[in-house]
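Here is a short set of exercises to work through with the model open beside you. Try each task before reading its solution.

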Amino acid sequence: MTDEYRAAFDQAYSLALAFHDSRALRSPAATASFEALRAALYVPTPDEGVTAPEVITQLAAAVDAGLMGAAGPRFFAKVMGGSHPVGVAVDWMTSMWGQNSGSYHGSPAGAVAEQVASSWLLDLLGLPSDCSIGFTTGATMASFVCLAAARSKVLRLAGWNADADGLFGAPPVNVCIGNDAHAAIFAALRYLGLGHDRVIRIPTDDAGRMLVPALSGALASRGGPLIVIAQAGQINTGAFDPFNEIADVVHRYGGWLHVDGAFGLWARACPALAQLTAGVEQADSWATDGHKWLQTPYDCGYAIVRDSDAHRRAMAYEASYLPAAGGECREPFHYVPELSRRARGFATWALIRAFGRRGIAAMIERHCLLARRMAMRLTSEAGVEVLNQVELNQFVVQFGAGEPPERRDHLTRATIENIQAAGTCYVAEATWHDRLVMRFSVISWATTEEDIDRSADSIIASWRQVNAGA
Ligand SMILES: Cc1ncc(COP(=O)(O)O)c(C=O)c1O
């Protein structure tokens, strides 16, 4: 390697490690404004290049104040894993290796790493070992892939070949979805020509779980191809749909059950929590993320499909220059929309290898205990209203219990702003059943009990300050 490139790598390495070591001390939120970031990054389209070390220096300096602290220990606003160092180290090698893991011939190692990681994932998640898995950018694309397979299969059962003939003239597909489904599902339905509004919305309970009698009622008057979408881990409450009952209903009507389990499906990897997901194994497809509870660096999701023929029919394509992998090896590009892509199997393999089954279970269980600890402190010390039973790692709260609804929304927003300004931890607002709430999610490998206690102190102090000035 040339001295110039070696210097760039040395610099990138030092800067990355310095960032890692300062995560707990940095602001958990970006501090620079849009204008400041644009001014720092913008120059007229460069006519001449600069040296590699200079590029690294310029970029790191320009973006530093615009980096969020999702890789840090006190970032609770979004359901984001913490880019574990093992995954980051492997990702560095993945980039250096420059593997195009679209096909076996593009990267034999990348394809086999995905195949082995797939078998580990199915084992950890307690799903049938002959499911096929596509490695995607995240859970949104994983649901897209799964629902493409679902569309293919249910229409095929109705005598229509959607993969060949598209949707024009196809029998209408009934798509049922819980009222509290994640926005990602609606996006996936839109991409698939199934429409985000042309769905049958099924009422939910106060934790966001689909009401099965309502599902049965909705289906009683309808026939034809059917897809039902349930979820493992509601984004606000962490609640799980009643999969056993839902699967009974869906399969009685010959439908396809898809589960969005972006983070919640991982409860299955934790014996103490697996019961929450009872019956989820009866679904036909599952979407989940690597970059949430498995802590892979961005980006990484998994589209898991029971009927691998339907999965392949929806995704595979032929090209004369792409020889078949042959033998027992699966072709990665038969299971996702992309051909050329990053070798996500390496980071997935590495993190499962690094944590082991027991390490993953312990981390998930710890996160759920920490979420409960935070909820307990907020209620017992500050009378904050926790709106859901904390069964997983997520909960939502409102400040100002006893006040009229609009006032509670106002106090909650003001408290969140105060917490953000204090800078100890990062939380943000969400909406839950028409109420403005603060969502709290514990999902980073880096979060400790001390982080939770420091954050609880800050949240309680911020609320008391707002309440005193209210
Ligand atoms: C339940 C659920 N589904 C889907 C998604 C979207 O996942 P991704 O951002 O990986 O596409 C999320 C993200 O938080 C989620 O919580």
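The exercises below go from domains and pockets to single residues.

This is a predicted model, in which local features need pLDDT of at least 70, side-chain atom pairs count only at pLDDT 80 or more, and totals for chains, interfaces and linings use all residues. Residues are numbered from 1 along each chain as its sequence is written, and side-chain values use heavy atoms, with hydrogens and water left out.

**Exercise 1. Find the domains and say where the largest pocket lies relative to them.**

Solution.
- Step 1: start with the domain assignment, which gives domain 1 (3–67) and domain 2 (90–352). Such bounds come from an automatic or database domain assignment. The C-alpha centres of the two domains lie 36 Å apart.
- Step 2: turn to the pocket. On a 1 Å grid over the protein atoms alone, a pocket is an open set of points with protein on both sides within 12 Å along at least five of seven lines, while a cavity is a set where a 1.4 Å probe fits but cannot get out; lining residues have an atom within 4 Å of a point. Grid points are joined across faces, edges and corners, and a volume is the space filled by probe spheres set on the points.
- Step 3: the largest pocket holds about 1,200 Å³ of space. Its lining has 36 residues, and closest to its centre are Ala 12, Ala 16, Phe 19, Val 88 and Trp 92.
- Step 4: domain 1 and domain 2 both give residues to this lining, so the largest pocket lies between them.

**Exercise 2. Describe the lining of the largest pocket by element and by class.**

Solution.
- Step 1: helices H1 (3–22), H3 (52–63) and H4 (85–97) each supply at least two lining residues. Helices here are DSSP runs (H or I, at least four residues) and strands likewise (E, at least two), numbered from the N terminus.
- Step 2: H1 gives the largest share, ten residues.
- Step 3: by class, there are 25 nonpolar, seven polar and four charged residues. Ala, Val, Leu, Ile, Met, Phe, Trp, Tyr, Cys and Pro count as nonpolar, Asp, Glu, Lys and Arg as charged, and the others, Gly among them, as polar.

**Exercise 3. Characterise the largest cavity.**

Solution.
- Step 1: the structure holds three cavities of 30 Å³ or more, and the largest has about 110 Å³ of space.
- Step 2: 15 residues line the largest cavity, with Arg 23, Arg 26, Pro 28, Gly 69 and Gly 72 nearest its centre.
- Step 3: this lining divides into eight nonpolar, four polar and three charged residues.

**Exercise 4. Which salt bridge links Arg 330 to a distant part of the chain?**

Solution.
- Step 1: a salt bridge is a side-chain nitrogen of Lys or Arg within 4 Å of a carboxyl oxygen of Asp or Glu. The structure holds 22 of them.
- Step 2: Arg 330 pairs with Glu 114 at 3.3 Å, N to O.
- Step 3: Arg 330 sits in the loop between helix H11 (308–315) and helix H12 (344–382), and Glu 114 in helix H5 (residues 108–124), 216 residues apart.

**Exercise 5. Locate the backbone features at Asp 299 and Ser 83.**

Solution.
- Step 1: a cis peptide bond joins Tyr 298 and Asp 299, with omega about -5 degrees. Asp 299 is in the loop between strand S6 (285–289) and strand S7 (301–305).
- Step 2: Ser 83, although not a glycine, has a positive phi of about 45 degrees. Ser 83 lies in the loop between H3 and H4.
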